[in-house]
Amino acid sequence: GMLKGALIGFGIMIGSIAIPVFHWVAIWFGPFVAGYFGGGVAKADEDKIVKFGLLVAGMMLLPVAIALSALYIFDVGGSVRIFLIVMAIVIVPYTWFGVTLGALFSYLSRKKAAEKAAVEEAETASS
């Protein structure tokens with residue numbers, strides 16, 4: 001459940017970043033979309049939404065660590081280095097926020113659908 005959902009969410013984010021040009025848009029919406037679909041697979045409810053967001057954000061630490069080590073291996077300097085370090089610092093909390101928000105929306109829409117189904121079932125039973 002939870003791990004499978006987190007891996008799906010992580011895959012969506014990495015996949016959307018890998019698409020050239022589109023990644024400039026996807027990098028902003030990727031975490032939310034990842035949280036929405038991954039949270040659905042994980043069936044993240046009130047107790048699990050924050051943990052789910054942290055799990056996916058934690059997974060983002062790996063590509064961030066690889067990117068930062070590449071800066072030192074290839075000795076990238078100047079403003080590019082500063083930009084990449086700032087992005088690395090910002091991307092994990094941003095990922096957590098986006099994924100958590102997406103998982104929350106996913107949970108609320110699943111909850112609403114379940115309530116609607118229960119009401120329709122009750123109406124059908126009473127008639």
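**Note on the main pocket and helix H2**

1. The lining of the largest pocket is made up of 16 nonpolar residues and one polar residue, with no charged residue among them. The model is a predicted one, and the points below should be read on that footing.

2. The volume of this largest pocket is about 460 Å³. Its lining comprises 17 residues, and those closest to the pocket centre are Ile17, Ile27, Leu84, Met87 and Ile91. Four helices each give two or more residues to the lining: H1 (2-18), H2 (23-42), H3 (49-73) and H4 (78-126). The largest share belongs to H3, with six residues.

3. Helix H2 deserves a separate look. A kink of about 50 degrees is located at phenylalanine 29, shortly before proline 31. Pro31 is itself one of the buried residues of H2. After the end of H2 comes lysine 43, which has a positive phi, near 50 degrees.

4. The buried residues of H2 are Ala26, Gly30, Pro31, Ala34, Gly35, Gly38, Gly39 and Ala42. They pack against three helices, namely H1, H3 and H4. As a general point, an α-helix has 3.6 residues a turn, so residues three or four places apart point the same way.

5. What does serine 16 touch, leaving aside neighbours within four places in sequence? This residue of helix H1 is in contact with Phe22, His23, Ala26 and Gly30. Ala26 and Gly30 are among the buried residues of H2. Serine 16 has a relative accessible area of 11%, and it is therefore classed as buried, the cut-off being under 20%.

6. Tyrosine 107 belongs to helix H4. Is tyrosine 107 buried or exposed? Its relative accessibility is 12%, so tyrosine 107 counts as buried. Residues up to four places away in sequence aside, tyrosine 107 touches Ala44, Asp45, Glu46 and Ile49.

7. A distance along the chain may help in orienting the view. Tyrosine 107 and valine 92 are 15 residues apart along the chain, and 22 Å separates their C-alpha atoms.

8. Two items are worth checking in the viewer: the kink at phenylalanine 29 in H2, and the contacts of serine 16 with Ala26 and Gly30.

Technical notes. Residues are numbered from 1 along each chain as its sequence is written. This is a predicted model: local features need pLDDT of at least 70, side-chain atom pairs count only at pLDDT 80 or more; totals for chains, interfaces and linings use all residues. Side-chain values use heavy atoms; hydrogens and water are left out. On a 1 Å grid over the protein atoms alone, a cavity is a set of points where a 1.4 Å probe fits but cannot get out, and a pocket is an open set with protein on both sides within 12 Å along at least five of seven lines; lining residues have an atom within 4 Å of a point. Grid points are joined across faces, edges and corners, and a volume is the space filled by probe spheres set on the points. Ala, Val, Leu, Ile, Met, Phe, Trp, Tyr, Cys and Pro count as nonpolar, Asp, Glu, Lys and Arg as charged, and the others, Gly among them, as polar. The bend at a residue is the angle between axes fitted to the seven residues ending there and the seven starting there. Buried means under 20% relative accessible area, exposed over 50%, partly exposed in between (1.4 Å probe, protein chains only). Contact means heavy atoms within 4.5 Å.
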